[in-house]
Structure formats: C-alpha cells, structure tokens
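Labels in a structural description should be traceable to values and cut-offs. The turns below ask where such labels come from.

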Amino acid sequence: AATKLASAEKLMYFCTDQLGLEQDFEQKQMPDGKLPVDGFLLCVDVSRGMNRNFDEQLKFVSNLYNQLAKTKKPVVVVLTKCDEGVERYIRDAHAFALGKKNLQVVETSARSNVNVELAFSTLVQLVDKSRGKAKIIPYFEALKQQSQQIAAAKDKYEWLVSRIVKSHHELWPNVSRKMQPAPEYQDYVYLEGTQKAKKLFLQHVQRLKQEHIERRRKVYLALLPQALDALVPDLDEIDHLSRAKAEKLLEAKPDFLKWFVVLEETPWDATSHVDNVDNERIPFDLLETPAAEQLYEAHLEKLRNERKRAEMRRAFRENLETSPFVTPGKPWEEARSFIMNEDFYLWLDESVYVDIYGKHQKQLIDKAKEDFQELLLEYSELFYELELDAKPSKEKMGVIQEVLGEEQRFKALQKLQAERDALILKHIHFVYHPTKETCPSCAACVDARVEQLLGSRFLRHHHRNNPSAEANVDRINLVILGKDGLARELANEIRALCTNDDKYVIEGKMYELALRPIEGNVRLPVNAFQTPTFQPHGCLCLYNSKESLSYVVESIEKSRESTVGRRDGHSAQLPLTLILVNKRGGGDAGGETLQSLIQQGQQIASKLQCVFLDPASAGIGYGRNINEKQIGQVLKGLLDAKRNLNLVVGSTPALKEAASDGADLRVVMCLMCGDPVSADEVLLPILQAQACRPAPGGGAAVL
C-alpha cells in the first residue's frame with residue numbers, strides 16, 4: 001500500500017518469466033531509482049481454486065482495501081479469470097465494491113485478453129480527471145466484441161497467408177519476415193500472439209500439401225486403367241488370380257517400369273516422389289488403396305463385359321447364318337422378330353446388331369448375285385436371239401424371267417428385283433459387247449488384272465526411257481453430258497472456238513481438244529465415259545430443267561458405280577463442272593423458275609462435290625455467243641487436275657511400244673497379287689494370251 005517506492009539501479013520486471021533469465025529480455029531500469037504510485041488495481045480471483053475459500057479471499061481483499069483507502073489514491077477492483085468465473089463469486093465481488101464507496105469494477109480475463117486494457121484505462125481516468133471517462137463493459141459483452149475482432153483479424157491474416165504462401169515447401173521464418181510489414185499480420189499477432197499466427201500458417205501449408213497429394217493421386221488413378229489395359233488386356237490371364245498374384249504378374253511384365261515405380265519407402269505420399277511432377281509413373285503401393293482396388297475390379301468387369309459382348313456378337317452372327325428367315329434383301333424390320341432374343345438386347349444396343357445384319361446382308365447379296373451370274377452363264381441360249389443393240393423387249397424379258405423363275409438362284413433375289421433385272425441387262429450387254437468394262441467379274445477380270453499389273457510394273461520405266469510419252473499432257477479429253485441435244489450443241493459451239501484441227505489455246509499454249517458428247521444411258525458401251533481410246537480428264541454436265549438435272553445425277557452415279565473396285569477409279573475422281581444453260585426461247589417452261597433451277601443445281605453440285613456455274617456467272621446459253629473466257633477457265637482447271645493426278649495406268653499396247661524401243665522387260669511376278677515370284681511360277685499361258693512369248697531358255701517371259 002506504499003505510494004512511494006525506492007529501488008536505485010534496479011531492473012524493471014514486466015513478468016515473472018524474466019526472473020533468473022534477465023539476459024534473454026530487454027533490460028530496463030527504474031527511473032532514478034524512485035517510483036511514485038498514483039493508483040491501485042485491487043485484483044480478485046473469481047475462479048474456483050483448489051483448497052481456497054472465496055469468502056476468506058474476500059475478507060483478505062477487504063482488509064487490503066482498508067489499507068489502500070488510507071492513501072487517498074484511486075482504486076479499481078479488477079475481477080480476474082472471468083473466463084472460468086463462478087457466478088456467485090462475481091456477484092459477491094460486485095456487492096463488496098458497491099459497499100466500499102461504489103468502487104468501479106472491471107471484469108477481465110488475461111488468458112482471453114478481455115478488458116485488460118480497460119482496467120488500466122479506467123484507473124488512468126480516475127487519476128487524471130481531464131481524460132474522458134472510460135465505459136466499463138461487462139465481461140461477456142466484451143468477450144463477444146473481442147471474438148468478433150479476432151475473427152475479422154483472423155480472416156484477413158489467412159487471406160494474407162494464402163496470397164503469400166503458394167507452396168507446401170515454405171518455412172515459417174522466411175514467411176513471417178515477409179509478412180511482418182503487413183497490417184493484417186500485425187493486428188492478428190497483437191490480438192492472438194505469434195504462436196497462433198504460426199499455427200495458422202502450418203495449417204495452411206498442410207492443406208496445400210494435402211491438395212497437392214490429392215492432385216497427384218487423381219493423376220495416378222486416371223493413368224491406372226490405361227496401365228492395366230496395356231499390361232493385362234487378356235481376361236484369361238488374370239480372372240483366376242488373387243490380388244497378390246495379380247500384382248506379381250504385373251511386376252513380371254516387360255513394360256512394368258514404363259507404368260509403375262517401386263519406391264523404397266512407403267507410403268508414396270510421404271516420399272519425394274509425390275513432388276516429382278515430371279515422373280507420372282504410378283507408385284506401386286498405390287494399388288493397395290481402396291480407390292485402386294475399385295479400378296482393378298472395374299478393369300476385370302470391363303474385360304468380362306467385353307468378352308460377353310463379343311460372345312453376343314458371335315452368337316448373333318451364327319444365328320444369322322443358320323436362320324432360314326434371313327434372305328438376301330430382307331429388311332432388318334422384317335427379320336428382327338425372328339432372330340433377336342432378350343439376351344441380345346441385354347448386352348448390346350440395337351444399332352450394333354443392325355450394323356452386323358447389314359454386313360451379313362451384303363455378303364448374302366454378293367453371294368446371291370455371284371450365283372445368279374453363274375445361272376445366266378448356264379442359260380446362255382436365252383440371249384442369242386436379241387437384236388444388235390442388245391436391248392431386250394418387254395416380252396423377251398418376260399420369257400427370260402419365266403425360264404429362270406423356277407431356279408433357286410433366281411428366287412434368292414426376289415426382294416431385289418430391280419438389281420436382278422439390272423444384272424440381266426448387264427449380262428446381255430456383256431454377251432454382245434464382251435470388254436473389260438462390261439465383264440461381270442469387274443475388277444477381277446483377268447484381262448484388266450493382267451493389264452494393270454504389267455502396266456504398274458513397267459510403265460514408269462518406259463516413261464523414264466521415253467520422254468516423248470509425256471506429250472500426252474498436251475491433249476484434253478472432255479466429256480459433255482446433257483439431255484435432249486444439250487451436249488451436242490455445246491460441243492458444236494466449243495468446236496467453233498477451236499482451230500481447224502481441233503486445237504484450243506490456253507494461256508498461249510496450243511492443246512488438242514477431244515470432245516465426247518453423251519446424251520443416253522451411260523451404262524451402254526456406246527455412251528460410256530471411258531473407252532479404250534478415250535480417257536476423260538473432266539466432264540461438263542449441262543441441264544436446263546428438273547428432268548435434265550435428274551439425268552445428269554443418275555448418269556454420274558451410274559458411271560461411278562461402274563468403276564467401283566477398279567484400280568484406277570478414274571471416273572470416281574473425274575473433275576466435274578455443273579452448268580445451268582438457258583432454255584431455247586427463254587421463259588420458264590413447266591413452271592420452273594430460273595432461281596429454282598439455280599438452287600437445285602447448287603444443291604446437286606454440293607452433293608457431287610463439283611463446281612457450279614449458272615448463266616450469269618458462266619455466260620453460257622443458246623442463241624448468243626458462248627463466253628470464251630469462262631470455257632478457257634474450265635479447261636484450264638481440268639488441265640491442272642490432269643497434271644496433279646499423276647496417274648500411271650498401264651496397258652499391253654504401251655508395253656509392246658516399250659519393247660519395240662528396245663527395253664528389256666522381264667515379267668517375274670504373281671499375276672494375281674503382284675508379288676515377285678520365281679521364273680518357273682510365272683503363268684505363261686496368260687502371258688501368251690497377251691501376245692507374249694517365252695524367253696529363250698524358258699522361265700521368264702520377254703515382250
């Protein structure tokens with residue numbers, strides 16, 4: 001209770017931690033060794049203490065206050081440890097203060113740092129009346145304000161930590177130095193202390209590490225199905241194995257180390273491998289985790305399902321092959337109810353079965369057509385009495401169908417009557433015009449096959465030794481396709497632009513221009529796009545009505561169909577130009593407007609993937625001069641396409657020409673597949689049929 005203290009050259013102590021450890025703290029001495037006392041804080045512990053009676057403590061505090069009152073100095077009663085305070089003790093302390101000249105009471109908690117400053121500021125205000133009166137706040141209200149302040153400071157501090165700390169490798173000393181100037185750091189440390197600030201930092205670092213580990217885990221697990229597919233794709237190999245044996249099997253695979261890494265230490269997420277982002281190999285001990293076990297089971301299930309689906313596809317094919325209800329040309333809708341069962345629907349979508357059925361139908365149809373072709377050959381006498389144009393009358397077709405009608409090979413194509421009739425017509429054309437183009441064997445025709453094989457082997461050699469062969473580039477063969485006189489009239493107008501010897505000038509160079517106008521059925525040899533002496537380089541397709549446009553489309557499709565399977569495939573890639581020409585006399589016959597025809601032409605050009613020219617752009621029409629510039633551009637485009645194709649197509653005459661130039665051409669190859677064979681295996685009879693003779697001494701053949 002003394003108001004004047006003297007302790008010359010003594011240190012000032014701020015807490016008991018300094019006792020005995022003075023060198024570890026900042027040392028401050030008392031001023032001049034003297035210290036006047038201006039007021040007192042009378043502290044009362046309101047917590048429940050061991051072996052301590054609160055009433056006894058209050059009696060001691062009352063006696064102490066009596067001594068302090070004699071000093072005439074201000075006194076503030078401070079209730080401590082209110083965070084553990086007993087409600088009765090707090091009430092008794094307030095009653096005590098009230099009975100002592102209404103002393104001011106401040107409820108505090110040093111541990112929670114609640115109202116500590118308020119206790120001192122209240123005493124200062126009593127000492128210095130000029131200061132504003134401090135507002136005394138009850139403990140729980142102050143605690144609430146304190147908690148809100150701490151929460152706001154914590155949020156700001158955590159934001160600061162998340163902005164500065166991006167890696168889980170960061171250390172507290174380095175980070176704390178970076179954060180010291182920041183007010184967010186200073187406010188939180190002031191309220192909660194350095195240790196709590198460090199604790200929040202460590203929690204953030206741990207969270208970053210867990211997020212990094214989780215990302216790596218997802219990468220490994222995403223890679224695991226690929227590894228299993230690569231190492232154990234066969235169900236028979238692993239279906240009967242336990243997990244342990246399956247893991248040993250994986251380790252024995254040659255590519256095991258491409259997908260996995262065996263770590264010396266485990267678990268994998270506690271090793272340095274987790275930080276090696278360049279090495280995405282899967283830690284082998286990851287297979288022991290539940291997620292990896294699920295993926296392994298999913299791999300097994302996938303293999304089992306794939307096997308089951310393959311079995312369903314195989315069973316479905318067998319069902320198709322044995323079912324009497326599946327005949328050539330029968331639609332899927334008609335056959336489905338006879339060949340499908342519930343098991344099929346459980347394992348595969350109907351689209352899969354439709355695809356299998358379509359392929360099976362193609363095989364059936366091809367086989368039926370082949371058998372039907374044999375049937376036609378067996379009944380050759382039916383086709384002897386036709387006229388020279390090989391066009392049977394309706395009555396003759398009836399006779400043919402009546403004679404063949406009882407044959408099973410004829411009935412097999414009953415659902416494909418149009419194609420059956422087309423085969424009959426094609427056979428008739430072959431009988432009266434037996435060429436490679438009309439041969440029923442198409443690409444398998446021996447004449448065409450021999451010609452292609454020999455030509456592909458020797459024509460390049462011929463061109464290297466005979467530069468004059470390139471002279472063919474100076475010739476343009478042009479097909480003009482049009483109905484009702486369109487092709488002939490345009491051909492005449494183009495010829496009018498040529499010289500007397502059918503030469504045409506393109507960019508200052510003279511080219512020989514050969515025109516082939518076609519106006520009839522392109523399946524007839526007389527109207528074929530390509531003949532033994534005419535290899536087209538392009539086609540101008542003309543129309544002036546819906547009917548003439550339909551003729552063009554049908555003719556192009558027929559021409560392309562006739563070349564399917566041929567090695568050159570020339571017509572399939574023939575450059576086309578679709579041209580709308582004016583009707584004679586103008587007008588819109590049949591109610592067709594010019595705009596309507598243009599739109600239809602554009603749609604067809606898009607379908608055929610060709611150039612489209614309307615009258616306005618091409619300047620082509622009848623009754624007025626043709627636009628020579630536009631024709632020149634079309635011909636130039638065809639010429640460029642011809643050069644770019646770089647096709648090498650051989651023929652027996654070319655080989656004979658090469659032989660006449662002295663080239664030593666030895667044929668030592670299989671005529672069916674083109675592979676080299678020994679001289680004794682050459683099919684000499686076929687070569688002799690192509691005007692070849694055996695070489696001196698036998699063996700190979702020399703042209």
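**From value to label**

In this predicted model, asparagine 115 sits in the loop between strand 5 (104–107) and helix 3 (116–127).

Q: Why is asparagine 115 called buried?
A: Its relative accessible area is 11%. Buried means under 20%. Asparagine 115 therefore counts as buried.

Q: What surrounds asparagine 115, leaving aside its neighbours within four places in sequence?
A: Its contacts are Val106, Glu107, Thr108, Ile137, Pro138, Tyr139 and Ala142. Each has heavy atoms within 4.5 Å of asparagine 115.

Q: What makes the backbone of asparagine 115 worth a remark?
A: Asparagine 115 has a positive phi of about 65°, although it is not a glycine. Most residues other than glycine have a negative phi.

Q: Which label does lysine 72 get, buried or exposed?
A: Lysine 72 also has a positive phi of about 65° and is not a glycine. It lies in the loop between helix 1 and strand 4 (75–80). Its relative accessible area is 74%. Exposed means over 50%, so lysine 72 is exposed.

Q: How do you know that the peptide bond from threonine 266 to proline 267 is cis?
A: Its omega is near 0°. Most peptide bonds are trans. Proline 267 is in the loop between strand 6 (260–261) and strand 7 (282–283).

Q: Why do aspartate 92 and arginine 88 count as a salt bridge?
A: Their side chains meet at 3.0 Å, N to O. The cut-off is 4 Å between a side-chain nitrogen of Lys or Arg and a carboxyl oxygen of Asp or Glu. The pair therefore qualifies.

Q: Why are aspartate 92 and arginine 88 separated by about one helical turn?
A: They are four residues apart in helix 2 (residues 87–99).

Q: What accessibility label do aspartate 92 and arginine 88 carry?
A: Aspartate 92 has 23% relative accessibility. Arginine 88 has 38%. Partly exposed runs between 20% and 50%. Aspartate 92 therefore counts as partly exposed, and so does arginine 88.

Q: What makes lysine 196 and glutamate 192 a salt bridge?
A: The N to O distance is 3.2 Å. The limit is 4 Å, so the pair passes. Lysine 196 is partly exposed at 42%. Glutamate 192 is partly exposed at 23%.

Q: How do you know that arginine 304 forms a salt bridge with aspartate 239?
A: Their closest N and O atoms are 2.8 Å apart. That is within the 4 Å cut-off.

Q: Why is this pair said to link distant parts of the chain?
A: Arginine 304 and aspartate 239 are 65 residues apart. Arginine 304 belongs to helix 11 (residues 290–322). Aspartate 239 belongs to the loop between helix 8 (235–238) and helix 9 (243–252). Arginine 304 is partly exposed at 31% relative accessibility, and aspartate 239 is partly exposed at 35%.

Q: What joins Asp45, Arg52 and Lys81 into one network?
A: Salt bridges that share partners do. The structure holds 27 salt bridges.

Q: Why are helix 1 and helix 2 called roughly parallel?
A: Helix 1 (residues 54–69) and helix 2 pack at about 20°. Angles under 35 degrees count as roughly parallel. The label therefore follows. The axes are 11 Å apart, and the crossing is right-handed.

Q: Which residues meet where helix 1 and helix 2 pack?
A: Helix 1 brings Phe54, Asp55, Leu58, Val61, Ser62 and Tyr65. Helix 2 brings Arg88, Tyr89, Asp92 and Phe96.

Q: What does UniProt place at residues 293–320?
A: The unreviewed entry gives the feature "coiled-coil region" there. In the model, the span is 100% helix and 0% strand. Its end C-alpha atoms lie 40 Å apart.

Q: Why is aspartate 474 called partly exposed?
A: Its relative accessibility is 28%. That is neither under 20% nor over 50%, so the label is partly exposed. Aspartate 474 lies in the loop between helix 18 (446–465) and strand 8 (475–481).

Q: How far apart are aspartate 474 and lysine 503?
A: They are 29 residues apart in sequence and 10.0 Å apart in space, C-alpha to C-alpha. Leaving aside neighbours within four places in sequence, aspartate 474 contacts Lys509, Tyr511 and Glu512.

Conventions
Residues are numbered from 1 along each chain as its sequence is written. This is a predicted model: local features need pLDDT of at least 70, side-chain atom pairs count only at pLDDT 80 or more; totals for chains, interfaces and linings use all residues. Side-chain values use heavy atoms; hydrogens and water are left out. UniProt positions are given in the numbering used here, feature names are shortened, and annotations may be inferred rather than shown by experiment. Helices (H or I, at least four residues) and strands (E, at least two) are DSSP runs, numbered from the N terminus. Buried means under 20% relative accessible area, exposed over 50%, partly exposed in between (1.4 Å probe, protein chains only). Axes are lines fitted to C-alpha atoms, for helices over the stretch in contact, and angles run from 0 to 180 degrees between N-to-C directions. Angles under 35 degrees count as roughly parallel, over 145 as roughly antiparallel, 65 to 115 as roughly perpendicular and the rest as oblique. A crossing is left-handed if the near helix is turned anticlockwise from the far one by less than a right angle, and right-handed if clockwise.
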